[in-house]
Amino acid sequence: MEDLSSPGSSGERSSGRIGIGLALDSVHFRILGVLRSQGRISVAALAERVGISRANAYTRFEALRADGVISGFSARVDPSRIGLDICALVFVTVRQDLWKQFRAKLATMPEVEYCAITTGQHDAMIQIRVPDVSAVHRLVTEQLASIPAVRATETVIILDEVLRRPYVLPTAPRTSEPAPATAPGASGAGQFGMTRFIPAAEGRADLQRAAEGED
């Protein structure tokens, strides 16, 4: 069976493919849930885990790739096993007229794993991985401090990474699955999202009237 992370099925879109506006349903989310922990799973095993046919699994997987929901596959590496024992967050205040300079310089720093522009007291958050605390000090006081775009920094050392997922899925995903239809003019019926609600008091009255009619 084929490996979903093999070169022939990488996250890069094939020539001529464009986003298709895929309408995600619960099966798509189950597929993504399996791939989150087993990116190298075969199509046959994926189909079995999700509870669909192999052809259906392959079609849905290809649709997720074609639409850009799955953007690629990569290896997950344990940082401590390659000598990067220290992870730190550096909060940066940036001179507003020098954002391009800040971005360009950051892209040249191999220690930077992640950077995001934030709200609040600081303008950006940088996550770095380095061998030791002294490397954190050098990066902040020498490299970042030498960038004219940087006004100030605040550094936090991460003591323990409790949880890290490759990606997060919505806990209650919105899907394209149709809601149960409610008959027009149905007495005592109201539509709340996908839940059809019948007030208990009105339901009891209907039952009482039906019982009286039988008498």
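What share of the contacts in the protein with a separation of 6 or more comes from residues 24 or more positions apart?

**Solution.** The model is predicted. Residues 24 or more positions apart account for 68% of those contacts. The protein has 215 residues, and 29% of them count as buried.

## Exercise 1: Layout

Task: state how many helices and strands the protein has, and give their order.

**Solution.**
- Step 1. Count the elements: six helices and six strands.
- Step 2. Read along the sequence. The pattern is α-α-α-β-α-β-β-α-β-β-β-α.

## Exercise 2: The buried face of α2

Task: find the buried residues of helix α2 and say what they pack against.

**Solution.**
- Step 1. Helix α2 spans residues 43-50. Its buried residues are Val 43, Leu 46, Ala 47 and Val 50.
- Step 2. Look down the axis of α2. The buried residues fall within an arc of 100°, so they line one face of the helix.
- Step 3. Identify the partners. The buried residues of α2 pack against α1 (26-37) and α3.
- Step 4. Check the end of the helix. Just after α2, Gly 51 takes a positive phi of about 90°.

## Exercise 3: Two helix packings

Task: classify the packing of α1 with α2, then that of α1 with α3.

**Solution.** Two packed helices are described by the angle between their axes and the distance between the axes.
- Step 1. Take α1 and α2. Their axes come within 10 Å and cross at roughly 120°. An angle of 65 to 115 degrees would count as roughly perpendicular, and one over 145 as roughly antiparallel. That makes α1 oblique to α2.
- Step 2. Add the hand. The crossing of α1 and α2 is right-handed.
- Step 3. List the residues that make this contact. From α1 come Val 27, Arg 30, Ile 31 and Val 34. From α2 come Leu 46, Arg 49 and Val 50.
- Step 4. Take α1 and α3. They pack at an angle of about 80°, and their axes are 11 Å apart. The two helices are therefore roughly perpendicular.
- Step 5. List the residues here too. Val 27, His 28, Ile 31, Leu 32 and Leu 35 of α1 meet Arg 60, Phe 61 and Leu 64 of α3.

## Exercise 4: Val 34

Task: place Val 34, judge whether it is buried or exposed, and list its contacts beyond four places in sequence.

**Solution.**
- Step 1. Val 34 is in helix α1.
- Step 2. Its relative accessible area is 7%, so Val 34 is buried.
- Step 3. Set aside neighbours within four places in sequence. Val 34 then contacts Ile 41, Leu 46, Arg 49 and Val 50.
- Step 4. Compare sequence with space for one of these partners. Arg 49 is 15 residues from Val 34 in sequence, and their C-alpha atoms are 7.5 Å apart.

## Exercise 5: Aromatic pairs

Task: find the aromatic pairs and describe the geometry of each.

**Solution.** A pair of aromatic rings is described by the distance of the centres and the angle of the planes.
- Step 1. Count: there are two aromatic pairs.
- Step 2. Pair Phe 61 with Phe 73. The centres are 6.2 Å apart, with 40° between the planes, and the pair is tilted.
- Step 3. Locate these rings. Phe 61 lies in helix α3 (residues 54-66), and Phe 73 in the loop between α3 and β1 (86-94), so the pair ties together parts twelve residues apart in sequence.
- Step 4. Check burial. Phe 61, at 1% relative accessibility, counts as buried. Phe 73, at 28%, counts as partly exposed.
- Step 5. Pair Trp 99 with Phe 102. The centres are 5.8 Å apart and the planes 85° apart, an edge-to-face pair.
- Step 6. Locate these rings. Both residues lie in helix α4 (residues 99-106), three residues apart, about one turn of the helix. Trp 99 and Phe 102 are both buried.

## Exercise 6: Trp 99 and Thr 155

Task: describe the burial and the surroundings of Trp 99 and of Thr 155.

**Solution.**
- Step 1. Trp 99 has a relative accessible area of 18%. The cut-off for buried is under 20%. Trp 99 is therefore buried.
- Step 2. Beyond four places in sequence, Trp 99 contacts Val 94, Ile 117, Asp 123 and Ala 124.
- Step 3. Ala 149 is 50 residues from Trp 99 along the chain, with 6.8 Å between the C-alpha atoms.
- Step 4. Thr 155 is in strand β4 (residues 150-158). At 33% relative accessibility, Thr 155 counts as partly exposed.
- Step 5. Beyond four places in sequence, Thr 155 contacts Ala 88, Leu 89, Val 90, Val 136 and Val 140.

Definitions and conventions
Residues numbered from 1 in each chain as written. Predicted model: local features only at pLDDT ≥ 70, side-chain atom pairs only at ≥ 80, totals over all residues. Heavy atoms only, no water. Phe/Tyr/Trp six-rings, centres within 6.5 Å; stacked < 30°, edge-to-face > 60°. Buried < 20%, exposed > 50% of the residue type's maximum accessible area, 1.4 Å probe, protein only. Arc of directions from axis to C-beta. Contact = heavy atoms within 4.5 Å. Axes fitted to C-alpha atoms, helices over the stretch in contact; angles between N-to-C directions. Parallel < 35°, antiparallel > 145°, perpendicular 65-115°, else oblique. Left-handed = near helix turned anticlockwise from the far one by under 90°.
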